[in-house]
Protein chains: 2
Amino acid sequence: MKFLDIGEVAARTGVKPSALRYYEEIGLIESLFRHCLRRQFSVDVLLQIKLITMGQAAGFSLEEIAGMFGRNGRPDLPRDVLHRKADEIDEKIQQLSALSDTLRHVADCKAPSHMECPTFRRLVELSGKRGRVRLKRKGPKVAGEM
Amino acid sequence: MKFLDIGEVAARTGVKPSALRYYEEIGLIESLFRHCLRRQFSVDVLLQIKLITMGQAAGFSLEEIAGMFGRNGRPDLPRDVLHRKADEIDEKIQQLSALSDTLRHVADCKAPSHMECPTFRRLVELSGKRGRVRLKRKGPKVAGEM
DNA sequence: GCTTGACCTCAAGTTGGCTTGAATTCGTAG
DNA sequence: CTACGAATTCAAGCCAACTTGAGGTCAAGC
């Protein structure tokens, strides 16, 4: 079995050694043992790191990511919470596609200001309306819609 | 025409007054005038804020968002840059769907550790590959990839 | 006329997620 | 043997995006 030291993990994932040490410090990944002080990682860590970066791309904190995939290889969170996270992501996907469409429209639209462009307004307004989304918000309750 | 003061904007967008003041400070939104010190916003600001929160959900910085939709209602960035941003978002959408699938799998899979579950591994490994809708690909692995 | 509540400003503090720098330890190549 | 490069620890620093707190203004209601 082959072990990787931190430099190689960094090279193969694009994540800097300092970040990897930080992940280990917070228990998000772990090295198997030390070879003369140097951390030795299993190849599985590459997959784990991929999950981490995907989770980050989705806007989750490292804390949440740890909950989803586990600090020691298994999720801390109950099934329904995981399903809710997945729903959350699906919701975000809807938003992102709206954003993408809007951006392409903005790139090509000739209207002097997009606030005056009906297509633009429709694109943006449309974006939230898919399937009665309920956002978990911390602030005061939302009285109306935008 | 109706103007909104900061509390109403906050209530209708879910964004706190302090954040709205911050957005104004950095020039991301603007209030039309003051009514006895109090900021008065046009209803258009609701749409702008929606764009901002969408952009944030996509992982863009406020700086980038300002570039996309303009500090004064028009994009600062040239068309091709905007198209690239849109492509970037589409790529992220791919990643998010992989993550969502993976999460649902993790929620339901009975394997003792998902590192040992081939379905899990396939889901994660699949996720980064560019090249549009590539479903179940079984080709040889490229050296140096995760 | 006093209180209340919603707003104001400005400076300072907070959080997450790293990065940087200094001082040190190895193993290998020359 | 010495130098080099790649790793190590630890504390401190950094940035974005806000939040908090102190102290103040204003209009309306009792």
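The following dialogue discusses how to read the main features of a predicted model.

Trainee: How should I begin with a single chain, and how many helices and strands does chain A have?

Mentor: Begin with the order of its elements. Chain A contains six helices and three strands, and from the N terminus these run β-α-α-β-β-α-α-α-α. Of its 146 residues, 29% count as buried. Among the contacts in chain A with a separation of 6 or more, 41% join residues 24 or more positions apart.

Trainee: Into which domains is chain A divided?

Mentor: Domain 1 covers residues 4-69 and domain 2 covers residues 79-126. The C-alpha centres of these two domains of chain A lie 32 Å apart.

Trainee: Next, the two copies. How is chain B related to chain A?

Mentor: The general idea is that two copies of a chain are related by a rotation about an axis and a shift along it. Here, a turn of 180° with a shift of 0.0 Å along the axis lays chain B on chain A with an RMSD of 0.2 Å. That is the relation of a two-fold axis. To locate the axis in the structure, look for B:Ile93, whose C-alpha comes closest to the axis among the residues of chain B, at 2.9 Å.

Trainee: How many residues of each chain take part in the contact between chain B and chain A?

Mentor: The size of an interface is often given as the accessible area lost when the parts come together. Here the description is by residue: 49 residues of chain B are in contact with 50 residues of chain A. On the chain B side, α1, α3 (44-57), α4 (62-69), α5 (79-108) and α6 (118-127) each supply at least two residues. The element of chain B that gives the most to this side is α5(B), with 20 residues. By class, the side of chain B that touches chain A has 23 nonpolar, 14 polar and twelve charged residues.

Trainee: Why can one say that the copies meet through the same surface?

Mentor: The reason lies in the overlap: 92% of the interface residues of chain B are also interface residues in chain A, so the copies meet through the same surface.

Trainee: Which residues touch the most other members of the largest nonpolar core?

Mentor: In soluble globular proteins, nonpolar side chains tend to be buried together. In this model the largest nonpolar core has 59 residues, of which A:Leu99 and B:Leu99 touch the most other members. The element that gives the most to this core is helix α5 (residues 79-108) of chain A, with nine residues. Leaving aside neighbours within four places in sequence, A:Leu99 is in contact with B:Met54, B:Gly55, B:Ala58 and B:Ile89.

Trainee: Turning to the DNA, which residues are closest to DNA strand C?

Mentor: Read such a surface by its residues, then by its elements. DNA strand C is surrounded by 16 residues, the closest being A:Ser18, A:Ala19, A:Ser61, B:Gly7 and B:Arg39. Two or more residues each come from α2 (17-25) and α4 (62-69) of chain A and from α1 (6-13), α2 (17-25) and β3 (38-41) of chain B. The largest share, three residues, is that of α2(A). By class, the surface near DNA strand C has seven nonpolar, three polar and six charged residues.

Trainee: Which residues are closest to DNA strand D?

Mentor: DNA strand D is surrounded by 17 residues, and the closest are A:Gly7, A:Arg39, B:Ser18, B:Ser61 and B:Leu62. The elements giving two or more residues are α1 (6-13), α2 and β3 (38-41) of chain A, together with α2 and α4 of chain B. The largest share near DNA strand D, three residues, comes from α2(B). The classes here are eight nonpolar, three polar and six charged residues.

Trainee: Is A:Cys36 buried or exposed?

Mentor: A:Cys36 is exposed, with 4 other C-beta atoms within 10 Å. A:Cys36 is found in the loop between β2 (33-35) and β3 of chain A, and its phi is near 55°, a positive value in a residue other than glycine. A:Leu37 is found in the loop between β2 and β3 of chain A. A:Leu37 has a positive phi of about 75° although it is not a glycine, and A:Leu37 counts as exposed, with 5 C-beta neighbours inside 10 Å.

Trainee: Where is B:Ile29 found?

Mentor: B:Ile29 is in the loop between α2 and β2 (33-35) of chain B. With 23 C-beta neighbours inside 10 Å, B:Ile29 counts as buried. Not counting residues up to four places away in sequence, B:Ile29 touches B:Tyr23, B:Glu24, B:Val45, B:Gln48 and B:Ile49.

How values were computed. Residues are numbered from 1 along each chain as its sequence is written. Chains are lettered from A and ligands numbered from 1 in the order in which they are written. This is a predicted model: local features need pLDDT of at least 70, side-chain atom pairs count only at pLDDT 80 or more; totals for chains, interfaces and linings use all residues. Domain bounds come from an automatic or database domain assignment. A residue is near a molecule or strand if its C-beta atom, placed from the backbone, lies within 6 Å of it. Helices (H or I, at least four residues) and strands (E, at least two) are DSSP runs, numbered from the N terminus. Ala, Val, Leu, Ile, Met, Phe, Trp, Tyr, Cys and Pro count as nonpolar, Asp, Glu, Lys and Arg as charged, and the others, Gly among them, as polar. Two residues are in contact if their C-beta atoms, placed from the backbone, lie within 7 Å. Copies are superposed by least squares on the C-alpha atoms of residues with pLDDT of at least 70 in both. A nonpolar core is a set of buried Ala, Val, Leu, Ile, Met, Phe, Trp, Tyr and Cys residues joined through C-beta atoms within 7 Å. A residue is buried if 20 or more other C-beta atoms lie within 10 Å of its own, exposed if 12 or fewer, and partly exposed in between; C-beta atoms are placed from the backbone.
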